[in-house]
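Reader: I would like a close look at one strand and the strands beside it, and then at what else stands out along the chain. Please give the cut-off behind each term.

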Amino acid sequence: MRRTASPISLILLGLGTFLLVLAPMLAWYVTPRAAVNPIDIDQTAVYKGQGRVFDTEQLEAVPETITVTQRVRGNVEDSERSGDTVWDVTTTVDDDDTLPAADPHDALDFVPHRWVMDRRTTKPVHCCGETPYIEGEAYLKFPFDVEKRSYQWWDNTLGSTIVLRYRDTKKVQGYTGYRFTGTVAPTKVGSRLVPGAIVGLDDTPQVLAEEWYSNHGFELVVDQRTGRVLYAQTGPKRTLRAPGAKTDAQVLLESRKIAFTTETQKEAVRLAKRDSGQLRAIGETVPIGAAVVGFVLVVAGSVLVVRGRRHPGSSGSPDSPLTM
């Protein structure tokens, strides 16, 4: 009796082997290369909250609704040229009097800047007209695969990094993320020329007042897989002091809570679900499925090869005719 492998057994073995090889490639090779920061991003986040804003007519801080608009646009040309991710960012601060604004330069505060980062690690890269010199581990987003630990977060108003500590998990629009918090102690961040009366120096027409910044508290809720910020809350305080003074003389802007609007939260969650789902499929669902199916096919093909097929006419077969 002679046994040979059937075509179907060879097909099953080949397909099963292919799937077994494909599974680790997807998990260990393809997934890290799929988890990259986009270069063609065009997104806007809006924060709103109640606070106080300096009124130039009343020469004091008055209650206002504060709106912070942050637009992020990827510079595709510079990104492709450098091999890094280049994002141009504009941040505007408005009150009810400056909204709606036809030109962002009409806002209470308008800050354009450029953030350059490594496409995979999200670490700052210092090239391509980056301004300011951004440092730390995270800024507009966290790295992929966020860990339950403290991170160095860049605070653009401070011009330095702060520590955001992991606290717990929190749901945003029904979607769970990691929650981080941090504060900023009063810090001198610059100076500006103002009438002396604003900082209590009535006899001085003009004075180079010190500008101080602090933050009552940051709270960020982040998607673990993608590092996308689902919810952001900040409590900025910007004040003026007379030169060398130990206390604030005038509040420029202060709020205990300025946070993502509901619309911004929903959009952030939608994008996090989409991107996280794609990475999960490539890194977990498809590789596990491929490994299981590949194993089954290899076993089935191996069984068929072992069994083989009977071919009549083989020497010594009981079905062979006897001759005299």
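Author: What follows starts from one strand, works through its partners, and then turns to the loops and the aromatic side chains.

This is a predicted model, in which local features need pLDDT of at least 70 and side-chain atom pairs count only at pLDDT 80 or more, while totals for chains, interfaces and linings use all residues. Residues are numbered from 1 along each chain as its sequence is written, and side-chain values use heavy atoms, with hydrogens and water left out.

The strand is β2, residues 42-55. Strands here are DSSP runs of E with at least two residues, helices are runs of H or I with at least four, and both are numbered from the N terminus. Two strands are said to pair if DSSP finds at least two bridges between them. β2 pairs with β3 (residues 60-74) in the antiparallel sense, over 14 bridges. Within that pairing, valine 68 of β3 is the residue opposite tyrosine 47.

β2 and β3 form a hairpin with four residues between the strands. One residue of the loop between β2 and β3 is leucine 59. Its phi is near 60 degrees, a positive value in a residue other than glycine. As a rule, most residues other than glycine have a negative phi. Leucine 59 has a relative accessible area of 48% and is partly exposed; buried means under 20%, exposed over 50%, and partly exposed in between, with a 1.4 Å probe and protein chains only.

β2 also pairs with β13, again antiparallel, over two bridges. Here lysine 48 faces alanine 259 of β13. Threonine 261 is in the loop that runs between β13 (258-260) and α3 (262-307). What does threonine 261 touch, leaving aside its neighbours within four places in sequence? It is in contact with Val46, Tyr47 and Lys48, where contact means heavy atoms within 4.5 Å. Threonine 261 is buried, at a relative accessible area of 14%.

A further partner is β12 (residues 250-254), which runs antiparallel to β2 and is joined to it by two bridges. Valine 53 has leucine 253 as its bridge partner in β12. Leucine 253 also stands opposite arginine 238, in the pairing of β11 with β12, where four bridges join antiparallel strands. β11 (residues 236-241) in turn pairs with β9 (residues 206-222), antiparallel and over six bridges, with glutamate 211 opposite leucine 240. Arginine 241 lies over the face of tryptophan 212, at 3.6 Å from the ring centre. A charge counts as sitting over a ring if NZ of Lys or CZ of Arg is within 6 Å of the ring centre and within 35 degrees of the ring normal.

Away from these strands, the loop between β5 (109-117) and β6 (151-155) holds proline 132. The peptide bond from threonine 131 to proline 132 is cis, with omega near -5 degrees. Most peptide bonds are trans. Aspartate 145 is in the loop between β5 and β6 as well; its phi is positive, at about 55 degrees, although it is not a glycine. Aspartate 145 is partly exposed, with 47% relative accessibility.

The structure holds one disulfide, a term used for a pair of cysteine sulfur atoms within 2.5 Å. The disulfide joins cysteine 127 to cysteine 128, with S to S at 2.4 Å. The torsion about the S-S bond is about -65 degrees, so the disulfide is left-handed. Cysteine 127 is partly exposed at 23%, and cysteine 128 is partly exposed at 25%.

Last come the aromatic rings. Rings of Phe, Tyr and Trp (its six-membered ring) pair if their centres lie within 6.5 Å; planes under 30 degrees apart count as stacked, over 60 as edge-to-face, and the rest as tilted. There are 10 aromatic pairs by this rule. In one of them, tyrosine 166 and tyrosine 178 have ring centres 5.4 Å apart and planes at 70 degrees, so the pair is edge-to-face. Tyrosine 166 belongs to β7 (residues 160-172) and tyrosine 178 to β8 (residues 175-195), so the pair ties together parts that are 12 residues apart in sequence. Tyrosine 166 is partly exposed at 21%, whereas tyrosine 178 is buried at 16%. Ring pairs link both tyrosines into a cluster whose members include Trp87, Trp115 and Phe180. Separately, the charged end of lysine 141 sits over the ring of phenylalanine 144, 4.4 Å from its centre.
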